[in-house]
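I have a structure open and a blank notebook page. Time to look up a few things, one entry at a time.

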Amino acid sequence: MKRKIALIGTGFVGSSYAFAVLNQGLANELVLIDINKKKAEGDAMDLNHASPFGSRICVRAGDYEDCHDADLVVITAGANQKPGETRLDLVSKNAKIFQTIVAEVMKSGFDGLFLVATNPVDILSFLTMKYSGFPAHRVIGSGTILDTARFRYLLGEAYQVNPQNVHAYIIGEHGDTELPVWSHAYIGTRPVSDYLKEGKGPDKEQLDQLFTQVRDAAYQIIDLKGATYYAIAMGLVRLTQAIFRDENAILTVSTLLKGEYGLKDICLGVPAVINRSGVREVIELNLTEEERKKLHHSAHTLTRQLQSLK
Ligand code: NAD
């Protein structure tokens, strides 16, 4: 089966994703598109030189017309956060860039799925849907997939279990107003609330600190090394697998809400079923009143940002 990916933006995030796609043999063709053509060409050469070590993917630098028969267009192009900047600070710069990029992709006759990682990812997923005219299920934002991974990693460390056996979600904005869904956080088969009642593992204050670490992880990494890219690249790979293998996997992505959680006309991170057609459906968690309020606050923050753009 043909699996062609057009990757737009071969910076830190894009090139890490390309490397991970190559490593896992997830596509037969990977086209790299960047405003900096030399970077895309250099990456294509470098990645192709790995083929004697096992990769059978054709990688090349290309242009927007190469999107016409792509199954997946992954967008990681645009400005990234500078130290002290929030993700929402990037909005007007990246909204303009996306207007051009999505128009160029659509001009090619592209008829696949969009996967968006550029920040602020919730706003840009919404704009990709608007600019492309695609139905909501064909635009997937990486949403809180990375935050959820950070959450599971830290919970795994705290309870000394494999993070793959931690079932817990971060939802809402991929940014400062995101929230942990403690009411549905499980270590294997047992709710975190059971451990709290029994006085086993971290106490309430330590769990609150753990969430703060999740929420502020990007600021910390950006202070340390200027950008974050490996974990989001793996998150994008996980989404690519779920799409190409038609997995019906439940992952926290940014998708349009149409009344779920009492919200609509906004994209934000929620668990959803992902398969070859994109977002099959949003999973509606039974939130506590406090969690619901926080989710609505997150949605209103994003709605205000969208309105300020208009
Ligand atoms: P980067 O600066 O290393 O790379 C951006 C790339 O985009 C560059 O190669 C640049 O030449 C290219 N580009 C810029 N304008 C373009 C245009 N008009 N057309 C084509 N290419 C263009 O940045 P990065 O660290 O790779 O981050 C990329 C984006 O991903 C940022 O917005 C960042 O905030 C975001 N990000 C998202 C997550 C997430 O969880 N969703 C995590 C980390 C980073």
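**Entry 1: a buried arginine and its partner**

I started with Arg138, which counts as buried at 16% relative accessibility. I should jot down right away that this model is predicted.

Which residue does Arg138 meet in a salt bridge? I found Asp111, with N and O 2.9 Å apart. Asp111 counts as exposed, at 59% relative accessibility. So this bridge has a buried end at Arg138 and an exposed end at Asp111.

Next I looked up where the two sit. Arg138 is in the loop between helix 4 (121-132) and strand 6 (139-141), while Asp111 is in the loop between helix 3 and strand 5 (113-116). They are 27 residues apart in sequence, so the pair ties those parts together. A reminder to myself: side chains of opposite charge can pair when their charged atoms come close.

**Entry 2: more salt bridges**

How many salt bridges are there by the rule used here? The count is 20.

I picked Arg276 and Asp71, whose closest N and O atoms are 3.3 Å apart. This pair links distant parts of the chain, 205 residues apart. Arg276 is in the loop between strand 13 (264-275) and strand 14 (278-282), and Asp71 is in the loop between strand 3 (58-61) and strand 4 (72-75). On accessibility, Arg276 is partly exposed at 26%. Asp71 has a relative accessible area of 18%, and buried means under 20%, so Asp71 is buried.

Then I tried a pair within a helix. Lys107 and Glu104 form a salt bridge, 3.7 Å from N to O. Both are in helix 3 (residues 91-107), and being three residues apart there puts about one helical turn between them. Is each one buried, partly exposed or exposed? Lys107 is exposed at 68% relative accessibility, whereas Glu104 is partly exposed at 28%.

**Entry 3: strand 4 and its neighbours**

Strand 4 came up with Asp71, so I followed it. Are the side chains on its faces buried or exposed? Leu72 and Val74 on one side are buried, and so are Val73 and Ile75 on the other, which leaves both faces covered.

I looked up the partners too. Strand 4 pairs with strand 1 (residues 4-8) in the parallel sense, over four bridges. Along that pairing, Val73 in strand 4 has Ala6 opposite. Strand 4 also runs parallel to strand 5, and four bridges join the two. In that case Val74 faces Leu115 of strand 5.

What do strand 4, helix 3 and strand 5 make together? They form a β-α-β unit, and it is right-handed. Helix 3 is where I found Lys107 and Glu104 earlier.

**Entry 4: a three-stranded sheet**

Another sheet caught my eye. It is open, has three strands in the order 7-10-11, and its pairing is antiparallel. Which strands are at the edges? They are strand 7 (166-167) and strand 11 (190-191), each pairing on one side only. Strand 10 (residues 186-187) is joined to strand 11 by two bridges. One detail to keep: Tyr186 has Pro191 of strand 11 as its bridge partner.

**Entry 5: what the record lists**

Last, I checked UniProt. Its unreviewed entry lists residues under "binding site", among them Gln81, Arg87, Asn119, Arg150 and Thr228. Which of the listed residues does the lining of the largest pocket include? I noted Thr148, Ala149 and Arg150.

I looked at two listed residues more carefully. Asn119 is in the loop between strand 5 and helix 4, and it is buried at 15% relative accessibility. Leaving out residues up to four places away in sequence, Asn119 touches Gln81, Arg87, Leu90, Asn94, Leu124 and His174.

Arg150 is in helix 5 (residues 145-159) and is buried as well, at 12% relative accessibility. With neighbours within four places set aside, the contacts of Arg150 are Arg87, Val214, Ala217, Ala218, Ile221 and Thr228. Arg87 turns up in the contacts of Asn119 and again in those of Arg150, and the record lists Arg87 under "binding site" too.

Definitions and conventions
Residues are numbered from 1 along each chain as its sequence is written. This is a predicted model: local features need pLDDT of at least 70, side-chain atom pairs count only at pLDDT 80 or more; totals for chains, interfaces and linings use all residues. Side-chain values use heavy atoms; hydrogens and water are left out. A salt bridge is a side-chain nitrogen of Lys or Arg within 4 Å of a carboxyl oxygen of Asp or Glu. Buried means under 20% relative accessible area, exposed over 50%, partly exposed in between (1.4 Å probe, protein chains only). Two strands pair if DSSP finds at least two bridges between them. A crossover is right-handed if, with the strands pointing away from the viewer, the path from the first strand over the helix to the second runs clockwise. UniProt positions are given in the numbering used here, feature names are shortened, and annotations may be inferred rather than shown by experiment. On a 1 Å grid over the protein atoms alone, a cavity is a set of points where a 1.4 Å probe fits but cannot get out, and a pocket is an open set with protein on both sides within 12 Å along at least five of seven lines; lining residues have an atom within 4 Å of a point. Contact means heavy atoms within 4.5 Å.
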